[in-house]
Amino acid sequence: MAARASTPPAPASPSPGSWAAGTPPGSATKNEFTKEQFAVDDDAPSFAEQNAGPELKRRLKSRHLQMIAIGGTIGTGLFIGSGSALAKSGPGGILIAYCFIASIVYSIMMSLGEMATFIPVTGGFTTYAARFVDSSFGFSMSWIYWFSWAITFALELVATGLIIQYWNDSLSIGIFIAIFWVVIFIINMFPVSWYGEAEFWMSSIKVITVIGFLIFGICINAGAGQLGYIGFKYWHEPGAFAPYIVDPSRPVAKWVGFWSVMIQAGFSFQGTELVGIAAGETEDPRRNVPRAIRMTFYRIFLFFIMTVFFIGILIPYDNKDLNNSGYTAAASPFVIAAQLAGVKVLPDIINAVLLTVVLSAANSNVYSGSRVLVSLANDGMAPKWFKLTTKQGVPWVAVIFTSVFGFLGFLNLSANGSEAFNWLLNISGVAGFIAWSGILIAHLRFMKGLEAQNIPRAKLPYTASLAPYYAYYALFFCVLITLTQGFTAFMPWSTEDFFVAYVSLILFAVMYLGHKLYTFIVYGAAACKPVAAKDMDLSTGSLDLDVEIIDEVEEPTNIWKKIGTGIMG
């Protein structure tokens with residue numbers, strides 16, 4: 001670990017009662033802070049200590065952050081969802097769609113990295129949206145993002161029961177919802193290093209499984225399976241692109257398949273932004289966050305692009321098993337590929353891995369959801385008791401509140417409750433795209449703030465490449481995908497499908513306008529304006545740009561160590 005000449009101030013924002021008249025919570029300006037607060041002093045109390053902010057601890061090590069970056073992306077979307085994606089678009093369509101979304105995700109990660117290394121605060125980008133854009137935008141984005149994690153936690157608990165039912169379908173899902181709720185809750189009530197350690201080992205299992213599948217794919221494609229040499233046979237018959245919904249004789253049918261998979265690929269990549277949320281509890285964020293960001297590109301290529309490539313050459317898109325619904329191994333393209341090759345032992349192994357995958361996701365759901373609540377409370381947008389922490393720095397109230405929503409998984413035990421649960425899940429579905437758009441907008445505004453306050457980007461610990469053009473590119477397609485993700489509701493028109501697809505956007509708009517109206521009534525019209533670049537708070541929780549970092553990190557010296565470091569951190 002690199003030794004630092006000084007320690008950055010703990011992340012915090014003023015308490016709700018400290019806001020100047022006419023300034024709404026979440027939109028602090030630089031004029032409210034002194035220059036001394038921007039400086040770093042080992043002996044002086046931190047800004048958080050002075051203002052009774054949340055006392056979270058920087059206990060996530062570099063290897064923890066590296067695995068959070070990996071584990072946040074590798075989930076059921078890759079292990080299960082990629083199968084239905086192949087059926088919709090074909091091997092060519094799924095490969096292009098995942099490559100395209102990967103280019104967007106890398107831009108998002110670089111934008112997030114630039115902000116998170118300079119201002120590594122708890123909650124990360126949810127705070128940046130309020131600081132750099134608009135308090136109402138930060139409020140609505142943060143709450144819908146928190147809600148998505150809380151509801152997804154319930155979904156993952158349900159998935160654990162479905163996975164175990166693969167081995168014994170006589171057992172009730174409710175048993176495992178209760179058991180794993182307790183397990184995840186206990187992990188998150190311990191210091192953050194416990195979460196990091198649990199995520200490290202569960203993500204390691206994911207990584208080993210994916211690498212094993214890639215090796216397996218090379219061998220089977222070369223002729224090791226019962227089908228002999230495969231090559232690119234399935235790219236010719238049934239073809240590289242699959243028709244979807246529309247009449248297969250129409251060329252637009254294949255475009256519809258491609259676009260639907262691009263939306264699905266976007267959902268699969270969601271979770272990469274967890275690095276930004278964890279930055280506030282990471283040791284030496286100035287070094288470790290950029291390192292995690294830089295390796296994102298290579299991991300996306302290895303774990304996503306290569307995986308969907310091999311799925312596409314091992315399984316024809318018209319295989320009926322690809323449309324098998326559920327969260328068990330039977331729906332996984334990894335298992336389907338093994339069955340086609342004549343390997344019989346793999347389904348049980350993949351099912352066990354899937355259990356690890358959903359437990360990892362559930363663990364991250366509670367962690368990230370609780371930290372978003374802390375960020376909201378710190379910005380005056382949620383009750384201040386969400387900031388209460390244990391002596392070990394665990395925001396126990398926020399953890400309990402987020403965990404309670406896991407009990408919504410019990411709705412699936414009844415038919416009517418299951419329908420209600422699916423509606424709640426759809427509300428959270430688009431939250432990831434809204435968050436990604438918010439990160440990019442905040443970064444574009446952040447750069448404007450740096451320019452207005454004469455802070456050179458070259459002095460930042462990490463800068464996003466090709467900015468701002470790459471950020472504009474990613475923002476355009478994030479917004480486009482968000483607006484078109486429910487296009488199937490128009491083919492043909494279905495009122496129910498329309499509201500299921502767009503209820504999250506409607507909720508986002510209602511929260512934004514509601515908060516804007518509240519701000520107008522309480523603080524006046526002047527407080528409703530977006531944060532001006534010259535007034536942005538670029539000091540609270542920021543790192544001292546003049547502090548020199550002494551490099552004590554031993555760099556890998558040979559090719560194998562470099563590969564291991566690139567994959568595992």
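## Tryptophan 385

In this predicted model, W385 counts as partly exposed, with a relative accessibility of 43%. The residue belongs to the loop between α14 (346-378) and α15. Along the chain, W385 and V374 are 11 residues apart, and their C-alpha atoms are separated by 8.9 Å.

## The contact of α6 with α15

Helix α15 (residues 396-404) packs with α6 at an angle of about 60°, and the two axes are 8 Å apart. Angles of 65 to 115 degrees would count as roughly perpendicular and angles under 35 degrees as roughly parallel; α6 and α15 are therefore oblique to each other.

From α6, the residues that make this contact are W146, A150 and F153. From α15, the contributors are F401, T402 and S403. Sorted by class, the contact of α6 with α15 holds 4 nonpolar and 2 polar residues, with no charged residues. The spacing of contact residues along a helix can be read with a general rule in mind. An α-helix has 3.6 residues a turn, so residues three or four places apart point the same way.

## Helix α13 and its two ends

Helix α13 covers residues 333-341, and 7 of its 9 residues are buried, so the helix is largely enclosed by the rest of the structure. The cut-off behind this statement is a relative accessible area under 20%. The buried residues are P333, F334, V335, I336, A337, A338 and A341. They pack against four helices, namely α4, α8 (192-224), α12 (285-314) and α14.

Each end of α13 can also be described. At the N-terminal end, S332 acts as a cap: one of its side-chain oxygens lies 3.2 Å from the backbone nitrogen of F334. At the other end, α13 is followed by G342, which has a positive phi near 90°.

## Salt bridges between distant parts of the chain

How many salt bridges does a search of the whole structure find? The search finds 4, and three of them are described here, beginning with the pair R457 and E114. Side chains of opposite charge can pair when their charged atoms come close. The side chains of R457 and E114 meet with an N to O distance of 2.6 Å. R457 lies in the loop between α17 and α18, whereas E114 lies in helix α4 (residues 76-118), so this pair ties together parts that are 343 residues apart in sequence. The two partners can be compared by their accessibility: R457 is partly exposed, with a relative accessible area of 26%, while E114 is buried at 0% relative accessibility.

A further salt bridge joins the side chains of R131 and D537, at 3.7 Å from N to O. R131 is in helix α5 (residues 125-132) and D537 is in the loop between α19 (495-523) and β2 (549-550), so that the pair links distant parts of the chain, 406 residues apart. Both R131 and D537 are buried. The side chains of K516 and D134 also form a salt bridge, with an N to O distance of 2.8 Å. Because K516 lies in helix α19 and D134 in the loop between α5 and α6 (135-165), this pair ties together parts that are 382 residues apart in sequence. K516 and D134 are both buried.

## The loop between α17 and α18

The loop that holds R457 also contains residues with notable backbone geometry. N454 is found in this loop between α17 and α18, and its phi is near 60°, a positive value in a residue other than glycine. L466 lies in the loop as well, and its phi is likewise positive, near 60°. Are these residues buried or exposed? N454 counts as exposed, because its relative accessibility is 67%, and L466 counts as exposed at 63%; exposure requires a value over 50%.

## Two cis peptide bonds

The peptide bond from A467 to P468 is cis, with omega near 5°. P468 is placed in the loop between α17 (431-452) and α18 (469-484). Another cis peptide bond joins E237 and P238, with an omega of about 15°. Where does P238 lie? P238 is part of helix α9, which spans residues 233-239.

Methods: Residues are numbered from 1 along each chain as its sequence is written. This is a predicted model: local features need pLDDT of at least 70, side-chain atom pairs count only at pLDDT 80 or more; totals for chains, interfaces and linings use all residues. Side-chain values use heavy atoms; hydrogens and water are left out. Buried means under 20% relative accessible area, exposed over 50%, partly exposed in between (1.4 Å probe, protein chains only). Axes are lines fitted to C-alpha atoms, for helices over the stretch in contact, and angles run from 0 to 180 degrees between N-to-C directions. Angles under 35 degrees count as roughly parallel, over 145 as roughly antiparallel, 65 to 115 as roughly perpendicular and the rest as oblique. Contact means heavy atoms within 4.5 Å. Ala, Val, Leu, Ile, Met, Phe, Trp, Tyr, Cys and Pro count as nonpolar, Asp, Glu, Lys and Arg as charged, and the others, Gly among them, as polar. A polar contact is a pair of N or O atoms within 3.5 Å; within protein, one must be able to donate a hydrogen and the other to accept it, and residues adjacent in sequence count only if both atoms are side-chain atoms.
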